[in-house]
Amino acid sequence: MGKVHGSLARAGKVKGQTPKVEAQEKKKQPRGRAKKRMQYNRRYVNVVTGMGGKRSEVGTLPLPLDINSMVAIGKSGTFLGWVASQGIETPLDLDHRADGRFMACREDISADDDILRIPLSACITADTLESLAERLAHERDLGSKSKYAPYVDVLPTLDGDDPEKPSLLSLPRFWDGKRLDKVTDGGQLEARMRNDERKDLDQWALACVDSRANFLGGEQYSMTPMLDMITHDGSVPTKARLNKDKGFAGSGDVLCLTSGRDYSKGEEAFISYGNLSNLDTLVDYGFVSESNPLNIESIGVQMMRRDPFSIMVYADGSVDSGAKATLRYSLANEEELEIFSSIAKGSGLGILAKPLSDRNEMDVQSFIASTLDEAAYDAKSGAAEAGNDQLVASYLNERAKLLELAIKRIKSKYPDLEY
């Protein structure tokens with residue numbers, strides 16, 4: 001299982017970053033008297049299995065959710081009652097604060113404990129993200145007749161008028177042109193949105209799927225209740241497994257999410273949605289993380305008589321080797337270019353992984369530093385002009401911070417560099 005980070009255009013990438021669930025042999029289901037005996041044991045024996053595989057006495061098995069929280073959260077109480085009826089189990093409680101919903105620990109939790117167990121029967125699933133968006137729109141249109149109505153009813157809205165529901169209006173796809181013009185990131189946000197656009201699908205359903213769906217493996221995607229309400233933290237390792245035939249009476253698969261760290265009672269719980277840059281989280285989730293350990297910034301480069309390319313800057317301030325290799329070739333003089341003509345066709349590109357000469361490398365590093373410096377200036381200027389728009393300002397400030405870190409690394413290695 002993996003959290004879908006990005007839209008339909010990147011579905012293949014989501015699969016590639018999803019931990020594979022090992023194939024398990026399907027157990028033969030008991031029938032007749034044997035099945036009735038098994039059902040009796042599950043319902044009435046003195047000891048049962050609780051969250052994390054711990055043994056509990058009858059009557060002390062943790063409730064799927066704190067019943068008291070159902071009253072405290074108003075409209076969400078209907079949803080929490082539905083969650084309990086679907087057999088979803090968790091030691092977390094759904095709560096609210098000024099910036100939205102979050103999940104808090106009802107008890108102390110250790111790393112490798114299960115923090116969520118969800119029967120797949122409670123999930124809205126489909127074979128593709130497109131189909132999932134279409135099915136979600138269909139369930140919404142069914143209204144109260146839908147099995148998933150209590151879940152659909154607490155999903156984000158496009159109007160932002162309900163204080164108990166998050167709003168999708170924070171996603172850039174719903175911003176007006178004036179706000180988009182504030183984003184001075186060299187066209188990165190605009191290009192991503194253009195690439196992700198799907199006018200043929202219901203926009204509310206598409207936004208929900210882009211921001212909340214996860215990949216289950218086996219060509220199956222899911223809108224998973226409760227999982228999509230846990231906050232993202234890229235530094236928290238997150239594991240998932242699919243338990244075959246572990247539902248009620250031994251039928252149906254159960255998705256289990258495992259904690260990647262220890263928590264104390266009352267703490268907010270986190271999971272990682274995947275390796276997401278600030279651009280990823282802004283486009284698909286409507287937030288930006290400060291000091292994101294997985295952030296990547298990109299600067300588009302256009303040189304005369306050359307194909308356009310990008311300079312990628314990673315979270316530690318390093319610059320991708322592909323951009324440096326491209327520049328080494330593009331900035332090489334005739335003598336340096338002769339190196340390639342003397343090597344068999346198709347085998348010379350490996351030379352570009354290292355500096356061709358001191359002269360060439362200084363030109364390459366100078367070009368990179370000046371390009372980063374200009375992009376950092378644009379980002380800082382845009383952040384200053386964003387005014388009270390904290391989301392845009394944060395996105396641009398974090399971009400400028402990482403680009404300046406990359407320049408600092410270059411200058412530490414080449415102190416005499418001019419750019």
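This section describes a helix pair and a three-stranded sheet in a predicted model.

Helix α5, spanning residues 129-142, packs against helix α9, spanning residues 203-212. The angle between the two is about 125°, and their axes lie 8 Å apart. Angles that are neither under 35 degrees, nor over 145, nor from 65 to 115 count as oblique, and α5 and α9 are therefore oblique to each other. The crossing of these two helices is right-handed. On the α5 side, the contact is formed by Leu129, Leu132, Ala133, Leu136, Ala137 and Arg140; α9 contributes Trp204, Ala205, Leu206, Cys208 and Val209. By residue class, this contact of α5 with α9 comprises 10 nonpolar residues and 1 charged residue, with no polar residues.

The sheet is open and consists of 3 strands in the order β6-β12-β11, with antiparallel pairing. Strands β6 (114-119) and β11 (239-243) occupy the edges. Each of these edge strands has a single partner, so one side of each is left without a neighbour in the sheet. On average, and with direction ignored, neighbouring strands of the sheet are turned by 20° against each other.

Within this arrangement, β6 pairs with strand β12, which covers residues 254-258. The pairing is antiparallel and extends over 5 bridges. In general, strands of a sheet pair through backbone hydrogen bonds, in either a parallel or an antiparallel manner. A residue-level view of the pairing is given by Leu116, which stands opposite Leu257 in β12.

Methods
Residues are numbered from 1 along each chain as its sequence is written. This is a predicted model: local features need pLDDT of at least 70, side-chain atom pairs count only at pLDDT 80 or more; totals for chains, interfaces and linings use all residues. Side-chain values use heavy atoms; hydrogens and water are left out. Axes are lines fitted to C-alpha atoms, for helices over the stretch in contact, and angles run from 0 to 180 degrees between N-to-C directions. Helices (H or I, at least four residues) and strands (E, at least two) are DSSP runs, numbered from the N terminus. A crossing is left-handed if the near helix is turned anticlockwise from the far one by less than a right angle, and right-handed if clockwise. Contact means heavy atoms within 4.5 Å. Ala, Val, Leu, Ile, Met, Phe, Trp, Tyr, Cys and Pro count as nonpolar, Asp, Glu, Lys and Arg as charged, and the others, Gly among them, as polar. Two strands pair if DSSP finds at least two bridges between them.
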